[in-house]
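Student: I would like a close look at a single part of this model. Please take one strand and work outward from there.

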Amino acid sequence: MPILLTVENLVTADLSTIHKEQATYVGIDFGTSTTVVSYSYFDNEKRIVVTEVMNLRQKQSDGADFTGEKVPTVIALYHNRVLVGEGAANLKYELEKNKDVWYSFKMELGEDLGAKYCNSILGKDKSVRIQNAKDATILFFRFLKKEIESYVEQKGLCQNIKYAVSIPASFEANQRRDLVDALISNQMDVSKQSLIDEPNAAFLNYIHESEMNNEAVVIPKDINPKMLVFDFGAGTCDISILEIGVDYKGVYSKNLSISKFEKLGGNDIDRYIAYEILYPELLSHNHLDMDIFIMSEKKKIINALLTTAENLKIRICKAISLMRDSFDLSGLEQEYKVSVKDIRINTSKGVLYMDEIFLTSIQFAELMKVFTRKKSDVIQKEKQIYNSIYDCVKTSIRKARLEVDDVDYVLLVGGSSLNPYVQAALKSWLPYSKLLLFPDLQTCVSKGASIHSFIYNSFGQNIVQPITSEPICIITKNDQLMTLVPAGTVMPTDTIEIDNLAIVKEGQKTVEFPICISNENKILTNLVITSNEQNGFSLDTPIKLQLELTADKLLTINAKVGSETCLVSAINPFANKELTSQERIALRAEKKAYNTTANNRGVPSKECLLELAKAYENATLNLKAAETYEECNELYPGTISYNKLGCCFSSAGNNRKALRYGEKAYEYSKDAVSAFNLGYRYKNIDTSMFLKYIHESLAMCPNKPHPLFELGKYEKKEGKKIEGVEKIKKAYNIWKAQYDNGTLSDVDYTWLPSAAEELGESIFAEEVRKKAKRISLDDFYNSNNTVAVKGD
C-alpha cells in the first residue's frame, strides 16, 4: 500500500485530542514587504487540520478602516498619527524613509548600529520610539498583537493564543535574537521553538493543501525523494532542501541544507530598474548631468522611483506570463512594453518630470540576466550590490551533498517566484525536477507557520528540525580555521565541548578566541581571557570551550583557560554579511555617527562625518568615503580639500567627479600633489594632458614617488625600458625605505607591491599585501594571542 506524505503521518500523536477551546494556534509570516497571519485547528467532524487566514483591520491615511488578509510591513507617522499596514503603505514613497515612514526593516534586524534612523521624527524623547530596525519591529508586532486579539474576540475563538513566527531559514543568531526580543517585549506567548524557517513552513502547508486536494505526494518504497523549497520574496532568496522518507518510526522529513543569508529579493530588482533605467532616463529627459545630485539627494529620488519600478516589473511579468506557453522563454519573440504616466519628483534643481516612462520586455530580459547569471561574481554599481539566485541554488545543493538530478521537486514560494524569468532559470538549471506552485504564494507560509504552532504548542514536536546554514569556526594560530559546529548541524544541540586547544607560548598573558561564521571575514565575537598570575599561562594550562545552539539558532559560548572563564550568549554581531575588520570598524563609526546625529536633531556634526569618512576610507569603501566627505563639505564648506575629494572619487571609480575636483584643486593650489593628481585623472582620458601634469609635478618635486612610478610605467610601455625601469626603481626604493622603517602610509601599501611587481619582485609584493591584511585583522583580534590545535 502506498505511503502518503501528510501532516498526520509526520506527527507521532493523535491530533484529535486537541480541541479549539484549548487555544488558538496562530502563525505569522513576518515578511519584508507584507505580513500575513493565519490560525489552525483540528476539525473533529471532518477529521482534518483546518487553516484560516485572518482578515485584520488597518487604518487608511484618511482615518477610514480597511480590512485585509495582507498587512504591508510598513509604519508611517502622518498628521501626528502612527499608521501601520495599508494606510502606511500608501504613503510609502510620499514620506521620507526612516524619518516618517519605515519599511524593509526586517532586513536590518541584528545590526548593532544604535540610532541608525538618526533622522527619525520618533526619536528617543518620544513616547513611541523608532530609532532602528528593532524599535520598528517592536512597534509593528504591538499593532499585530492588538489586531489579532481583536479578531480572535470577534470570531469567538479561544483567547489563549499560541504564536509561531516564520523567518528566513538563513536568519542568523543576532537576527533571531532581535525578533524574539520584539515578541517578548509585547508579551506574546512564544516558546523557545516559536520561530520556523519560511521554506519549512511552506513545505508544511504544501503537504496540508496537497492532502486536502487529494494530491498528496506518494513516497515510493525504498526511495527518499528530495524537495528544494525556493522562497523568493521581497527581501530574501531563501532555500531549504528536505529529504522525505520512511524509517522504523514512520514517515519523516529532515533538512539536508539551507542557504546562507543573502539580501536578495524582488526589492533588488526594483532597485536595479530605478538606478539603471528610470533614473538615467529621468535625468536625460530633464537635460541634467548624471552627477548633478549628491548621493543623499539621489537616494531620495531613487526612493521616489521605487514604486514606479515595482509597478513596471509586476506589469511586465504578467504580460510575459500571458504570452508564454511553457517555462522556456527562448522562443518569446514579440516585444512588449508597459508604462507609468505622470512622473513628478521635487528636487533641489526643480521638479523632475516625465509624462510617461516605459519598460520593455527586451530591457527586462536583459536586466534579469543580472539576477539569474551563473557566474559567482558580485555585481556592484554605485554602492548597490546585486547577487544572483543561482548562487543560492548551487550552494544549497552542494551543501546537501547532492547532484542536480537528485532533486525531485522544486516548490516555489514567495511573490517574486511569479517572475517568469526566475521560473525559466530554475527549470533550466534543474531540468529533471518537477516545479510545484501554490495557488496563493503569499498566504502559504503563514498557514504553514500556524500548522507548526498547532503541532509544536500541542505536542512539543517539530516536524522539520532546524539546522545550521554555515559552519561556526575558531581562528587559531597562523590564522588557521578549526570548525566547532559543522554546517547542517541539527538544533537544538547538546553542549558541544572542545578540549583539543593549547597555549602557544610559555607565559602567555592573554588568550583570545576569535569565533567566526565560515571564514575570518565574518567574525561573530572574540572571547578574551587574561591571566591573573604574574607569570601568565603555562603551556600545559588546560583550555576548554563549551558551545550550545538553541532551536532558535541562538549561540552561547563559554571559554575556560585554567580557572579563568569568559561567557558570551545570544551573540549579536554588527552585521549579517562577511566583513573585514576594517569594515567592522567602519560600522562602529556608523553607529557613533547615527547616535551623534540623532542627538543633534538629525544634523550630523563635522567631527562625526570626518571620523566616518576616514573609517570608510580605511575599509576601502571608497564611494561611501567620497560621498561622506562631499556631504561634509556641503554642510561645512571648506572642510575637505578638492584634492582629497578628487582622490576619493577616483578610488571609487567615479572619473567624472574625480576630474572635476582635480581641476578645482589645481586651480586653487598649483603644487606637486595637485599636478600629479590632475595628471593621474587624465591617465585614461588624454595622454598629452596626463604627461603634461606628471612632468609638471616632477619639476616641482623630482623625488615624489607617485609621478616617478606612473611616468616610469608609461616610458616602459612606450619602449623606453631603461629610463622607465630607472624611474620605477627610484619610486620603489623610496617606498621600500619607508616600509623598512615602519613609516609607509596606508595608501602606499597598495603602491609599493605594484612597483615591486613591475620590477619582478612578486614574492616581496605578496609579503607587503599579507602584512597589510595582517594589520587589518589585528584591529579586531591579536593573532599573537590565539591558541593552537593540539597535534598541529
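Tutor: Start with one pair of residues. Tyr25 has Lys162 of strand S11 as its bridge partner. This is a predicted model, and every value below is computed from it.

That pair belongs to a longer match. Strand S2 covers residues 24-30, and six bridges join S2 to S11. The two strands run parallel. S11 itself spans residues 161-167.

S11 has another partner. Three bridges join S11 to strand S12, residues 195-197. This pairing is parallel as well. Here Val165 stands opposite Leu195 of S12. So S11 pairs with S2 through six bridges and with S12 through three.

How many of the seven residues of S11 are buried? Six of them are, so the strand is largely enclosed by the rest of the structure. The cut-off behind that word is a relative accessible area under 20%.

Now take one residue inside the strand. Ala164 is found in S11. Ala164 is buried, with a relative accessible area of 1%. Leave out residues up to four places away in sequence, and Ala164 touches Val26, Gly27, Ile28, Ser194, Ala449, His452 and Ser453. Set that list beside the pairings. Val26, Gly27 and Ile28 are among the contacts of Ala164, and S2 runs from residue 24 to residue 30. Ser194 is also touched by Ala164, while S12 covers residues 195-197. Ala449, His452 and Ser453 are further contacts of Ala164. There is also a distance to note for Ala164. Its C-alpha atom and that of Tyr39 are separated by 9.8 Å, with their places 125 residues apart along the chain.

Move on to a helix. His208 lies in helix H5, residues 198-212. Is His208 buried or exposed? At 5% relative accessibility, His208 counts as buried. Its contacts, again without residues up to four places away in sequence, are Val7, Val49, Val50, Thr51 and Ile451. Compare the numbering: Ile451 touches His208, and His452 touches Ala164.

A buried residue can sit in a loop too. Gln131 is placed in the loop between strand S10 (101-103) and helix H3 (133-154). Gln131 has a relative accessible area of 11% and is buried. Beyond its neighbours within four places in sequence, Gln131 is in contact with Gly114, Ala115, Lys116, Tyr117, Leu122, Gly123, Lys124 and Ala598.

For contrast, look at two loop residues with unusual backbone angles to check. Asp222 is not a glycine, yet has a positive phi of about 65°. The loop that holds Asp222 runs between strand S13 (218-219) and strand S14 (226-232). Asp222 counts as exposed, at 74% relative accessibility. Asp479 is likewise not a glycine, and its phi is positive at about 60°. Asp479 sits in the loop between strand S23 (472-476) and S24. With a relative accessible area of 32%, Asp479 is partly exposed.

S24 leads to one more backbone feature. The peptide bond from Met491 to Pro492 is cis, with omega near 0°. Pro492 lies in the loop between S24 (480-485) and strand S25 (496-498).

The parallel pairings of S11 have an antiparallel counterpart elsewhere. Strands S17 (residues 337-347) and S18 (residues 350-360) pair in the antiparallel sense over ten bridges. Two residues lie between S17 and S18, and the strands form a hairpin. Asn346 has Val351 of S18 as its bridge partner.

Finally, step back to the whole chain. It holds 22 helices and 32 strands. Its radius of gyration is 29 Å, close to the 28 Å that the globule rule gives for 792 residues, so the chain is as compact as a globular protein of that length. Along the principal axes, the C-alpha atoms fill a box of roughly 95 × 75 × 60 Å. Of the 792 residues, 55% count as buried. Among contacts between residues at least 6 apart in sequence, 65% join residues at least 24 apart. The accessible surface comes to about 35000 Å², and carbon and sulfur atoms account for 47% of that. As for charge, there are 96 positive and 105 negative side chains. The centres of those two sets lie 3 Å apart.

How values were computed
Residues are numbered from 1 along each chain as its sequence is written. This is a predicted model: local features need pLDDT of at least 70, side-chain atom pairs count only at pLDDT 80 or more; totals for chains, interfaces and linings use all residues. Side-chain values use heavy atoms; hydrogens and water are left out. Helices (H or I, at least four residues) and strands (E, at least two) are DSSP runs, numbered from the N terminus. The radius of gyration is taken over C-alpha atoms; the globule rule is 2.2 Å times the number of residues to the power 0.38. Buried means under 20% relative accessible area, exposed over 50%, partly exposed in between (1.4 Å probe, protein chains only). Contact means heavy atoms within 4.5 Å. Accessible areas come from the Shrake-Rupley method with a 1.4 Å probe; for residues, only the protein chains shown count as cover. Lys and Arg count as positive and Asp and Glu as negative; His and the chain ends are not counted. The place of a charge is taken as NZ of Lys, CZ of Arg, CG of Asp or CD of Glu. Two strands pair if DSSP finds at least two bridges between them.
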